[in-house]
Amino acid sequence: MREETIPLVELLKEAKGSVLILTHENPDGDALGSAMALYLFLKKKGKNAFVGCKDRVPHFLDFIPHCEEVISLPDGRYYDIGIIVDSAGFYRAGTEVKVGKRIRIDHHVGGEFYGMHDYIDPKAPATASLVYELIKSWDCSAIDGDIATCIYAGLATDTGFFRYSNTTEYTFDVARDLVKHGANPNYVYRMFSERESVNKMRLISKVLDTLSLYEEGLVAGITIYDRFFKETGTEYSDSEGLVNYPRSLEGVEVAFALIEKPDEGVWKVSLRSKVEVDVSKIAERLGGGGHKYASGCKIKAKSQEKALEMLLAEIRKQLDIQKIRV
Ligand SMILES: [Mn+2]
């Protein structure tokens, strides 16, 4: 049993009121998988639990068990306890929520702290593995096939299906236990990776046309213009994971995707690193955050050129600080 889980487990065991579990906007596999696993578990424990998100569940996550129960936020309701998962703070929900007590379960470096009931471990491969530890500390016999699938989905996607550097012996220990409890690795993989639409393929094709290299090939990036979504009949959530294309190039250390968000007047940046560069430092200087290998931020700029210039300046600064040269 993990001692760090005790305060939160004790609090939830005693909880009589409503508990809202929420994720960041544009949820990924870890955010939704973690939220759904905790929600299903708390319901099993007889708690008055709810799960909410600003955005609707995207196509690539619609296989997550019971995801149709996700409430669209804001819903105007008051909840006694709010638990945000896989997020640096409640601001990442992207919407106002009315909750009494705020709690955070997360594996991002830094971020907001709400008190002794937070369960934060930047060394965890995924938020889903923290939810797993929490459930294990309370009642491991409650892990059924649905809960195991939710946790597995989060763990698998945040580790690039057990290939990224956060994949360790521990990651496999957790995965093994989840498979034992009914998670099906091939099913989850197929749901994530083999359900693309033709429209998404056409989006990828347009996006790859924007691929550019910088710093003699150490840095590579793509730009996803808002018009691309309209032209291909896709939507913002289809941009998830496209940053892995520039990252997959030989010699690239830092990869990025610049995504136009005209409704917010910003360019959303996804940053990825392969081995050494700590992209969380780049994202932090631009007002965002994340992990060493995967981070994000938003840049307020009128044009793609301006946003790119600001981003490249910070990337170069980080390469200089870490003395990374071709
Ligand atoms: Mn995560």
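How many bridges join strand E1 to strand E2 (residues 48-53)? Five bridges join them, and the two strands run parallel.

This is a predicted model, in which local features need pLDDT of at least 70 and side-chain atom pairs count only at pLDDT 80 or more, while totals for chains, interfaces and linings use all residues. Residues are numbered from 1 along each chain as its sequence is written, and side-chain values use heavy atoms, with hydrogens and water left out.

**The sheet**

Helices (H or I, at least four residues) and strands (E, at least two) are DSSP runs, numbered from the N terminus. Two strands pair if DSSP finds at least two bridges between them. Six strands form an open sheet with parallel pairing, in the order E3-E2-E1-E4-E5-E6. Strand E3 (71-72) and strand E6 (119-120) stand at the edges with a single partner strand each, so one side of each has no neighbour in the sheet.

**Strand E1 and its partners**

Strand E1 covers residues 18-22; five of its five residues are buried, so the strand is largely enclosed by the rest of the structure. Buried means under 20% relative accessible area, with a 1.4 Å probe and protein chains only. Ser18, Leu20 and Leu22 on one side of E1 are buried, as are Val19 and Ile21 on the other. E1 also pairs with strand E4 (residues 78-85) in the parallel sense, over four bridges. The table lists residues of E1 and those that stand opposite them.

| Residue in E1 | Opposite residue | Strand |
|---|---|---|
| Ser18 | Asn48 | E2 |
| Ile21 | Val51 | E2 |
| Ile21 | Ile83 | E4 |

Together with helix H2 (residues 29-44), E1 and E2 make a right-handed β-α-β unit. Right-handed here means that, with the strands pointing away from the viewer, the path from the first strand over the helix to the second runs clockwise.

**The helices**

H2 packs against helix H3 (residues 127-139) at an angle of about 15 degrees, with the axes 8 Å apart. Axes are lines fitted to C-alpha atoms, for helices over the stretch in contact, and angles run from 0 to 180 degrees between N-to-C directions. H2 and H3 are therefore roughly parallel to each other, a term for angles under 35 degrees. Contact means heavy atoms within 4.5 Å. Among the residues that meet are Phe41 and Leu42 in H2, and Leu134 and Trp138 in H3.

Helix H1 (residues 6-14) lies across E4, strand E5 (98-106) and E6, running at about 145 degrees to E5. H3 lies across E4, E5 and E6, at about 105 degrees to E5.

Definitions and conventions
Buried < 20%, exposed > 50% of the residue type's maximum accessible area, 1.4 Å probe, protein only. Parallel < 35°, antiparallel > 145°, perpendicular 65-115°, else oblique.
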